[in-house]
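Thanks, everyone, for making the time; I would like to walk through one model this morning, going helix by helix at first and then stepping back to the rest. Please have the structure open in front of you while I talk.

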Amino acid sequence: MKTFPLILLLAGAAVIQSCKMKNTGNAVSGDAAGKVYVAPGKYDEFYNFVSGGFSGQVSVYGLPSGRLLKVIPVFTVNPENGYGYNEETKTMLQTSHGMVPWDDQHHLALSQTNGEHDGRWLFANANNTPRVGRIDLKTFKTMEILELPNSAGNHSSPFLTENTEYLVAGTRFSVPIAEKEASLDSTSYKQNFKSTVSFVGVDKTTGQMGISFQVILPGMDLDLSRAGKGPSHGWFFFSTYNTELANTLLEVNASRKDKDFIVAVNWKKAEEYVKAGKAKKMAAAYYHNTINEETGMTTSELIKEVLTLDPAELKDFVYLIPCPKSPHGCDVDPTGEYIVGSGKLAALIPVFSFQKFTKAISDKAFEGEFGGIPVIRYEAALHGEVQKPGLGPLHTEFDGKGNAYTSFFVSSEIVKWNIKDLKVLDRVPTYYSIGHLMVPGGDTRKPYGKYVVAYNKITKDRYLPTGPELAQSAQLYSIDGEKMQLLLDFPTIGEPHYAQAIPAEKIREQSVKFYDINKNKHPYASLGEKATKVVREGNTVHVYMTAIRSHLTPDNIEGIQVGDEVFFHVTNLEQDWDIPHGFAIKHAPNAELLIMPGETNTLRFSPAAPGIYPFYCTDFCSALHQEMQGYLRVSPKGSNVPLKWGTGHPDAPATVAAK
Amino acid sequence: MIIHQRQYIINDVLPPSSSHMNKLSITGKTSILVAIGCIAALWFLPLWRIDLAAPQYPEGISMQIWINDVMGDVDIINGLNHYIGMKTIHKSDFPEFTYLPKILIAFCIGGLLVMGMNRKRGYYIYTLIFFLIAAISMYDFWKWEYDYGHHLNPSAPIKVPGMAYQPPLIGYKKMLNFEALSQPDAGGWLFILAGAILTVVSLYEWKRTKTGKI
């Protein structure tokens with residue numbers, strides 16, 4: 001028995017070896033180029049939202065071209081457009097432990113209605129300092145970030161129920177509840193450490209998030225999760241590892257047991273417990289940061305309590321299904337009947353049946369308890385196993401035609417198999433060591449199919465070398481035919497984990513071209529050049545500035561003193577598509593502003609020495625962009641230089657293009 | 001051919017009266033109502049449009065001229081025109097927007113009077129007045145275009161020697177990076193239709209008199 005995995009590993013190595021023997025020329029057949037060529041002036045078929053991994057951001061690619069369209073700043077500051085630096089967004093990254101300017105972004109979820117993508121919002125998780133974010137798909141802008149208490153390693157997140165009722169956030173690390181400390185030994189771990197699942201309610205019309213309740217689970221590690229759909233709507237499934245409850249050398253200690261669990265949570269039942277007042281109110285401290293659409297300003301609210309449910313006390317809403325070898329993926333097929341576990345150290349893929357699972361509960365087909373939670377007998381919930389699919393299954397998506405596509409990290413391949421009869425149908429190599437894969441809509445009730453994308457962990461020789469640090473690599477395959485066909489290889493930013501894709505027409509038409517300046521309710525907006533001014537309040541100076549092609553108003557400012565705190569509130573007066581203006585001032589120790597038409601952004605600057613500080617527009621806006629510049633005069637503290645500002649000489653030709 | 005056929009039908013239906021040679025046919029009277037209808041539509045439809053395109057404006061910029069307003073991407077055009085020193089376009093600068101509607105209302109009432117008078121001569125004069133209004137309007141439009149295109153701010157950021165920016169009266173013209181297309185809009189086409197109807201029916205009435213004399 002002990003030699004079995006070893007042989008498999010060797011076999012896996014042989015598979016990798018044989019993949020490397022092949023070159024791309026062999027792997028790509030004739031018409032691949034035509035299938036991914038998006039002619040100049042034409043658009044891609046899909047928006048592909050790709051998690052940025054350790055970049056903390058979300059990237060947007062077009063499919064099938066693989067062209068990068070945008071990087072959306074979410075959990076990491078972005079000096080390029082001032083996100084996290086300007087006065088409007090600097091508290092978006094506020095947490096109970098201060099401003100955390102970076103994170104590790106793993107998974108994405110597009111909002112759903114009736115189990116289909118509705119194109120309204122994109123949700124993202126932060127793995128390191130537990131947070132979830134919401135991006136508005138009209139503006140591709142992060143509008144909300146919610147911190148999660150009693151959480152560490154927010155990994156099984158931000159998966160959604162089929163009408164976006166809830167977003168879940170499960171913990172990859174178990175930690176003592178209420179952010180307490182505890183000694184790091186096996187007895188203490190078993191006693192004090194818990195995993196939690198937060199059910200974050202999402203408002204139907206605004207998308208606003210709020211923690212409805214948390215389920216406190218034994219001290220194992222939660223990996224990925226999926227909501228039930230159709231018949232299994234009302235349930236949520238989580239994969240787990242380290243049910244051995246090890247606190248050190250998990251590589252070995254968390255790989256001992258043959259089986260870990262899939263945790264099944266009946267969230268409708270949990271809701272009933274909450275409604276019946278069975279949830280415990282617990283003191284907590286976590287931030288909820290929201291951008292107001294009208295003012296553009298972030299409101300940061302510290303929330304001080306959370307409701308918790310303990311399944312060891314409140315019975316019948318959490319069950320455990322044994323699943324081989326530290327499962328990663330835990331994927332529900334489009335019908336909602338089959339749950340695919342992907343034991344990342346297993347040599348088979350177990351497929352569970354929802355009907356069998358509910359029958360097992362009513363038959364009380366339990367093999368015992370774990371932390372007070374009933375464990376269902378493996379066979380009682382099992383639909384069947386895919387035999388010898390490959391090595392190291394990670395994640396499965398579906399094409400809506402009865403086929404499943406599973407990624408295999410160790411054997412570096414995608415395997416297509418039939419859900420009903422569990423037969424392997426096809427396999428293709430990936431370059432190299434695929435993590436997640438994604439079929440457009442492959443996690444919904446109605447997959448769009450057509451393609452599968454491999455998001456790989458190892459790049460090596462795929463592109464021209466760029467030193468030791470390389471871009472990540474993704475591959476696009478056609479799944480239209482019986483056999484998968486490699487079409488394209490494209491580099492990605494950060495390190496992609498999970499991704500989502502949606503047909504372009506569901507987003508394209510709603511995309512905002514510019515903000516209506518008449519709806520700008522920013523407290524320091526200047527709605528026209530006549531409204532510009534400089535106001536001193538003690539040591540604080542507010543500069544109400546406007547930008548329109550091709551001048552800033554005011555562009556000459558005097559009377560500022562060392563020690564002043566100057567706020568440049570710059571309003572972009574343009575009302576045309578793709579005319580942003582930038583604002584940067586010499587020696588400012590933070591970042592620039594990038595202001596969209598109709599928007600107001602604020603840069604704070606405290607000059608440290610007397611002198612002349614030039615400022616200018618950084619976004620090439622027009623033929624006279626280079627002339628869009630000005631000066632700030634900073635005098636010594638206590639100087640008698642009066643406050644003075646303006647643009648243009650009084651007897652010069654009338655200020656042009658004034659609104 | 002069609003006119004002849006219809007003439008006979010009408011002659012068959014209507015018994016000739018003593019003074020019918022000078023009176024308007026049913027077609028003549030109806031045509032006045034149709035022309036009034038076409039002109040009334042100008043309160044709901046733009047008269048003229050100028051479309052601009054440039055490499056950096058793939059989506060195009062468009063301006064619609066109504067009998068009482070100028071609409072569309074006027075702000076964008078004003079923003080761009082300041083580079084070459086063109087005056088900004090403002091509704092309040094055009095007295096035409098006040099008196100053109102008044103003239104057209106008077107013209108419509110005049111039509112009802114012509115119907116009431118029921119004289120062919122009135123119809124011919126009415127048609128002439130229509131073309132007078134059309135010609136003066138086009139001249140006025142050309143004059144505005146000339147004015148905007150030629151009277152440039154001497155301190156404009158961009159000055160191209162010898163360059164004027166007068167948009168075409170009708171048709172296509174390329175000016176620097178912009179292509180301009182000037183043409184009637186929906187209301188303009190209805191106005192042209194009204195002119196065509198008045199012309200054709202004038203000819204018809206005139207021929208009817210001639211054939212009636214034979």
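The axes of α4(B) and helix α5 of chain B, the latter covering residues 120–150, come within 10 Å and cross at roughly 170 degrees, and α4(B) and α5(B) are therefore roughly antiparallel to each other. I should say straight away that this is a predicted model, and that every value I quote is computed from it. On the α4(B) side, the residues that meet α5(B) are Glu96(B), Ile103(B), Phe107(B), Gly110(B), Gly111(B), Val114(B) and Met117(B), while α5(B) contributes Gly122(B), Tyr123(B), Tyr126(B), Ile129(B), Ile133(B) and Asp140(B). Sorted by class, this contact between α4(B) and α5(B) comes to eight nonpolar, three polar and two charged residues.

Staying with α5(B) for a moment, this helix has 31 residues and spans 45 Å from its first C-alpha to its last, which is close to the 45 Å expected at 1.5 Å a residue. Which residues of α5(B) are buried? They are Lys120(B), Gly122(B), Tyr123(B), Tyr126(B), Thr127(B) and Phe130(B).

The helix α4(B), residues 96–117, also packs against helix α2 of chain B, residues 26–40, at an angle of about 170 degrees and with the axes 10 Å apart, and that angle makes α2(B) roughly antiparallel to α4(B). Here Lys29(B), Ile32(B), Ala35(B), Ile36(B), Ile39(B) and Ala40(B) of α2(B) meet Leu104(B), Phe107(B), Cys108(B), Gly111(B), Val114(B) and Met115(B) of α4(B), and by class the contact holds 10 nonpolar residues, one polar and one charged. If you compare the two lists, Phe107(B), Gly111(B) and Val114(B) appear in the contact with α2(B) and again in the contact with α5(B).

Stepping back to chain B as a whole, its secondary structure comes to six helices and five strands, in the order α-α-β-β-β-α-α-α-β-β-α along the sequence. Of its 214 residues, 22% count as buried, and, among contacts in chain B with a separation of 6 or more, 63% join residues 24 or more positions apart.

Turning to the interface, 11 residues of chain B are in contact with nine residues of chain A. Helix α3 of chain B, residues 74–81, gives the most to that side, with four residues, and the side of chain B that touches chain A divides into four nonpolar, five polar and two charged residues.

The last topic is the nonpolar interior. The largest nonpolar core has 130 residues, and those with the most contacts inside it are Leu167(A), Val265(A), Ile321(A) and Val452(A). Setting aside residues up to four places away in sequence, Leu167(A) touches Ala109(A), Phe123(A), Val132(A), Pro158(A), Leu160(A), Val200(A), Val202(A) and Met209(A). A second, separate core of 33 residues includes Tyr515(A), Ile557(A), Leu573(A) and Leu603(A).

I will finish on Phe317(A), which lies in the loop between β19 and β20 of chain A. Why does Phe317(A) count as buried? Because Phe317(A) has 20 C-beta neighbours inside 10 Å, and 20 or more is the cut-off for that label. Beyond its neighbours within four places in sequence, Phe317(A) is in contact with Val265(A), Asn266(A), Lys269(A), Ala270(A), Tyr273(A) and Pro311(A). The C-alpha atoms of Phe317(A) and Lys268(A) are separated by 8.6 Å, although the two residues are 49 apart along the chain.

Notes
Residues numbered from 1 in each chain as written. Chains lettered and ligands numbered in written order. Predicted model: local features only at pLDDT ≥ 70, side-chain atom pairs only at ≥ 80, totals over all residues. Buried ≥ 20, exposed ≤ 12 C-beta atoms within 10 Å, placed from the backbone. Contact = placed C-beta atoms within 7 Å. Axes fitted to C-alpha atoms, helices over the stretch in contact; angles between N-to-C directions. Parallel < 35°, antiparallel > 145°, perpendicular 65-115°, else oblique. Nonpolar A, V, L, I, M, F, W, Y, C, P; charged D, E, K, R; others polar. Expected span 1.5 Å × (residues − 1). Core = buried A, V, L, I, M, F, W, Y, C linked by C-beta atoms within 7 Å.
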